[in-house]
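Dear colleague,

I am passing on the structure below, together with some notes on its cysteines and on a pair of helices. Please read the notes with the structure open beside them.

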Amino acid sequence: MPRRPRNDEPGAWHHVFNRGIARRTVFESERDIRKFLSLFARCARAGRLEIHAYCVLTTHFHFLVRSPCGDISSAMQWIQNQYVRWFNRGRRRDGPLLRGRFGSKRAESLTYRRHLVRYIDFNSVGA
């Protein structure tokens with residue numbers, strides 16, 4: 001069954017998330033988190049993503065991003081691929097780390113985006 005295309009267009013807001021495979025740890029140290037965030041920062045500096053809120057926990061992550069050029073899929077694919085390769089290489093392991101393709105939900109209304117920012121901010125508090 002083919003994947004449904006993402007509803008991404010220039011200027012669209014998205015709640016982007018992913019989890020470790022079998023709910024395993026994805027970020028084992030502060031260094032891992034810094035590396036992951038630096039990859040997001042590279043995409044932001046290149047103008048591919050705008051990051052408005054984020055939460056990185058040991059087993060998963062959430063981001064509220066805006067896609068200025070409608071290129072969220074390739075940006076997220078690059079970020080996740082680079083991180084997993086770096087993570088595996090540093091630990092001399094192989095295989096998947098994340099559940100696969102990232103999840104995203106379109107955040108069209110301002111009310112929903114405000115709710116989402118609160119959810120992302122309090123996600124780490126609940127954990």
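Searching the whole structure for disulfides, meaning pairs of cysteine sulfur atoms within 2.5 Å, gives 0. The model is a predicted one, in which local features need pLDDT of at least 70 and side-chain atom pairs count only at pLDDT 80 or more, while totals for chains, interfaces and linings use all residues. Residues are numbered from 1 along each chain as its sequence is written, and side-chain values use heavy atoms, with hydrogens and water left out.

Cysteine 43 has no bond to cysteine 69 because its sulfur lies 9.5 Å from that of cysteine 69, the closest cysteine sulfur, which is too far. Cysteine 43 is buried, at 2% relative accessibility, whereas cysteine 69 is partly exposed at 40% (buried is under 20% relative accessible area, exposed over 50%, partly exposed in between, with a 1.4 Å probe and protein chains only).

Cys43 also belongs to the H1 side of a helix contact (heavy atoms within 4.5 Å), where Phe36, Leu39 and Phe40 are among the other H1 residues, and the H2 residues include Ile79, Tyr83 and Trp86. Helix H1 covers residues 30-45 and helix H2 residues 72-90 (helices being DSSP runs of H or I, at least four residues, numbered from the N terminus), and the two pack at about 150 degrees with axes 10 Å apart. H1 is therefore roughly antiparallel to H2, a term for angles over 145 degrees, taken between N-to-C directions on a scale from 0 to 180, with axes fitted to C-alpha atoms over the stretch in contact.

Best regards

Notes:
Parallel < 35°, antiparallel > 145°, perpendicular 65-115°, else oblique.
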